[in-house]
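Student: I should like to request a close look at a single part of this chain, with the surroundings described as well. Please treat it as one connected account.
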Amino acid sequence: MKKNELYVYTALSLATLVPVPGRLAYGIVIIVMLYLLSLLGILFKQFVSMFFEYGLRSVLIAAMLISTCLLVRQILIIISPITAFILGINIYVPALTAFILGNLYRHSGLKLSEMLNLSLGKCISFSIFALFFFIIREIISYGTISLPCASGLIEFQIINENSLSFMGFFWGSMPGAVVLLAIMIAVIASAMKKIEILATSERSVK
């Protein structure tokens, strides 16, 4: 991950991850939507590029992503009304994230397979980060791990509420999510810096 990507991922995390309730179950829904929208966005972008210029192409892609979110929301209302209600407006945020990730680099001159590898690779790396974020946040907030289901979510108790390692409900709130995100970003940035220093030292030795 490059430094400019880290800045973009930080902004996307604040918009995509922080407002979502601190449950892995809801995070999984957001992550699946993000991957689905990224895939559809790339395929649709390839299709409209044959007929429209760049400016209009971006508008059409944004409209398609939002329309897909509306369709997914209606399907989610049928499958799990509670999940759709709790996520609320957050269900539309993956459309913005998919749009930005899909346009992080210029894709001119690339084949469809190369575009898929590049864009979905960025989406997967962000999704892995988001998955770890939701897992850590739920464990330290509620001491549980949850999975989505028709009734909302299924909980698996990981840490007893009376345990000294139980961190309380602060981490499930938006301020707690921001603090946790800042810690994770700081750890990644520190690791990137150490890797960069190590790579520089190796090149200087050679």
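Which residue follows H6, and is the phi of that residue positive or negative?

Tutor: Gly-143 follows H6, and the phi of Gly-143 is positive, near 70°. Before the details, please note that this is a predicted model, in which local features need pLDDT of at least 70 and side-chain atom pairs count only at pLDDT 80 or more, whereas totals for chains, interfaces and linings use all residues. Residues are numbered from 1 along each chain as its sequence is written, and side-chain values use heavy atoms, with hydrogens and water left out.

The setting comes first. The chain has seven helices and two strands, where helices (H or I, at least four residues) and strands (E, at least two) are DSSP runs numbered from the N terminus. Read from the N terminus, the order of the elements is α-α-α-α-α-α-β-β-α. Of the 206 residues in the chain, 40% are buried; buried means under 20% relative accessible area, exposed over 50%, and partly exposed in between, with a 1.4 Å probe and protein chains only. Among contacts (heavy atoms within 4.5 Å) with a separation of 6 or more, 72% join residues 24 or more positions apart.

Helix H6 covers residues 112–142. The expected span of a helix is 1.5 Å times one less than its number of residues. For the 31 residues of H6 this gives 45 Å, and the end C-alpha atoms are 43 Å apart, which agrees.

Three residues of H6 can be followed in turn. Met-115 belongs to H6 and is buried, at 4% relative accessible area. The C-alpha atom of Met-115 is separated by 9.1 Å from that of Gln-46, although the two residues are 69 residues apart along the chain. Leu-120 is also in H6 and, with a relative accessible area of 10%, is buried too. Beyond its neighbours within four places in sequence, Leu-120 contacts Tyr-35, Ser-38, Leu-39, Ile-42 and Met-115. Leu-120 and Ala-98 lie 22 residues apart in sequence, with 9.6 Å between their C-alpha atoms.

Glu-138 is the third residue to consider. Its place is in H6, and it is buried, with a relative accessible area of 0%. Its side chain makes a polar contact of 3.0 Å with the side chain of Ser-146, and another of 3.3 Å with the side chain of Arg-23. A polar contact is a pair of N or O atoms within 3.5 Å; within protein, one must be able to donate a hydrogen and the other to accept it, and residues adjacent in sequence count only if both atoms are side-chain atoms. Not counting residues up to four places away in sequence, Glu-138 touches Gly-22, Arg-23, Leu-24, Ala-25, Gly-143, Thr-144, Ile-145 and Ser-146. Gly-143, the residue that follows H6, is thus one of the residues that Glu-138 touches.

Arg-23 has a further partner: Arg-23 lies over the face of Tyr-142, 4.0 Å from the ring centre. A charge sits over a ring if NZ of Lys or CZ of Arg is within 6 Å of the ring centre and within 35 degrees of the ring normal.

Aromatic pairs follow another rule: rings of Phe, Tyr and Trp (its six-membered ring) pair if their centres lie within 6.5 Å, with planes under 30 degrees apart counted as stacked, over 60 as edge-to-face and the rest as tilted. Two aromatic pairs result. In one, the rings of Phe-133 and Phe-134 have centres 5.6 Å apart and planes at 75°, so this pair is edge-to-face. Phe-133 is buried at 0% relative accessible area, and Phe-134 is likewise buried at 0%.

Phe-133 and Phe-134 also appear in the largest nonpolar core, which has 42 residues; together with Leu-37, Leu-87 and Leu-101, they have the most contacts inside it. Such a core is a set of buried Ala, Val, Leu, Ile, Met, Phe, Trp, Tyr and Cys residues joined through side-chain atoms within 4.5 Å. H6 is among the elements that give two or more residues to this core, along with H1, H2 (24–48), H3 (54–79), H4 (81–87), H5 (93–102) and H7 (174–205). H2 gives the most, with nine residues.
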